Structure formats: C-alpha cells, structure tokens
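Visitor: I am new to this protein and should like to understand the terms used to describe it. May I put some questions while we look at it together?

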Amino acid sequence: MYIQVVDVYRSKLRDDIVGPEGDEIARKRIEDYANKVRPVGFLVCDHIKIHSIDLGVAAPRLHSAQLKPQESPQLLLTEIQFETTYIDTLSISLSTSYLFNYPMASFARLPVSLTISLSQFKSSISISPPPPDALAPVLTFSISPNFTLDLTTTSLMGSRAKLANVPKLHELIQHQVRRILAVRGTWKVVLPGLVTSSETQEQMKKGMKQ
C-alpha cells in the first residue's frame, strides 16, 4: 500500500500522463520550482535548466516499528517510531552558471553541469498523535536529525578547461540537501473533518512557533 501511495505522487507530478509526454511535464514542473527558489545575492545561479529526471520506481522500506511513551505536561502520549531505508534510481541532471555580481552585476560566469543521484537514505521516523485537547488535531511525522544520506554526483565546471567531479562541489551539494531535510524534517497532517480551516491555520502557526 505504501508503494502505491508513492506511485500516486509520481503520477500527479506528471499530471497522470505516462510516457515521454508525462516525463516532460514533470521535468518542466521541477525546473520551474528550481528557478523559483534559486538564491540571489553576491554569488547566484543563472537560469537552471533541468535536462532529465528519474522519479524512481521504489518506495522507502519501513521496519522495526515500536511504541515509545512520551511525557507531556498533562498526560502520557504514545509515539510510534520505526526505521526506514530508501534505495532507488532517483536522479536529476541539470546545468546552470554561477554568476559573480562583484564589482558589477554578472561580472563573471562559471558554467556548471550536474547529475545528482540518490544512493541511500536511512532514518528513524516518529509519528506523534495529537493531545486530546488540541484545537486542531494533527499527526506529526518527523525524521531523526541523525539520518544517513548518501548522494552520488557527477559534475563538470568551466567553459574551456573543464574540471570534472570536483570533491568540494559534491560536499557542498550533500551538505545543502542534508540541511534542507533537517530544516523541513517535520510534517503535520491535519485530521480531516474535525476542525474549520481557521482553526487549522491557528494550530499550524502554534506548531511552527514551537
């Protein structure tokens, strides 16, 4: 069932269209998002071109589930914790340029081509139930801060004398992906049909402050 859920997300990313046409829809959607969030400042990325993506065929494997009592100020809650391992063909190939905006805008340009592939992801995942008195009951999913992430990168830097597979670039990419996962490693799922939208927004704001 879990694999089917992941397959639904893959299908929606392609607008439920199979074949090359669906691949192009997913590629364009990811390219639009990458350019929306690319950094600005002294050292920035030029337009990011996504050449190809592989959305994978597998799903994270869940195992070793256990119940863990969690103390709260008013009552005792039970948290579910399990281990997950994800090994897949997930990959993305892209090209862009680093722009140096000093001493003037676009003063220098460094072309970069990358292919980033997932080798392995491992982590503990916790599911915490809402307290009975919660205004908007939510399930909280969180990954352990001590997760394992192994990425494979191939790279070319430069326009004439190209540098291939620069170790520092691999370290930078791996660090940035780890940082994003750590920052966004908690998800809250509102239980449907129990609260109004305004109550849900209020509860989510409180969760973010915590």
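Visitor: Which residue is the bridge partner of Ser-142 in S10?

Guide: The model is a predicted one. In it, Thr-186 of S10 is the bridge partner of Ser-142.

Visitor: What makes S7 and S10 a pair of strands?

Guide: Two strands pair if at least two bridges are found between them. Five bridges join S7 to strand S10, residues 186-190, in the antiparallel sense; the requirement is therefore met.

Visitor: In which sense do S6 and S7 pair, and over how many bridges?

Guide: Strand S6 covers residues 108-128 and strand S7 residues 138-143; the two pair in the antiparallel sense over four bridges. Ile-125, for instance, has Ile-143 of S7 as its bridge partner.

Visitor: Why is Val-190 called partly exposed?

Guide: Buried means under 20% relative accessible area and exposed means over 50%. Val-190 has a relative accessibility of 27%, so it counts as partly exposed. This residue lies in strand S10. Its C-alpha atom is 8.8 Å from that of Thr-140, although 50 residues separate Val-190 and Thr-140 in sequence.

Visitor: How do you know that the span of helix H3 agrees with what is expected?

Guide: The expected span is 1.5 Å times one less than the number of residues. H3, residues 167-183, has 17 residues and should therefore span 24 Å; its end C-alpha atoms are 24 Å apart, which agrees.

Visitor: Which residues of H3 are buried, and why are they said to lie on the same side?

Guide: Leu-169, Ile-173 and Gln-174 are buried in H3. They cover an arc of only 130° around the axis, and so they are on the same side of H3. The buried residues of this helix pack against S6 and strand S8, residues 148-157.

Visitor: Which exposed residues are carried by the face of H3 turned away from the buried side?

Guide: That face carries Pro-167, Lys-168, Ala-182 and Val-183.

Visitor: What does the secondary structure of the whole protein come to?

Guide: It comes to four helices and ten strands. Along the sequence, the pattern reads α-α-β-β-β-β-β-β-β-β-β-α-β-α.

Visitor: How much of the protein counts as buried, and how much area does it expose?

Guide: Of its 210 residues, 29% count as buried. The protein exposes about 13900 Å², of which carbon and sulfur atoms supply 60%.

Methods: Residues numbered from 1 in each chain as written. Predicted model: local features only at pLDDT ≥ 70, side-chain atom pairs only at ≥ 80, totals over all residues. Heavy atoms only, no water. Buried < 20%, exposed > 50% of the residue type's maximum accessible area, 1.4 Å probe, protein only. Arc of directions from axis to C-beta. Contact = heavy atoms within 4.5 Å. Areas by Shrake-Rupley, 256 points an atom, 1.4 Å probe, with all protein chains shown as cover.
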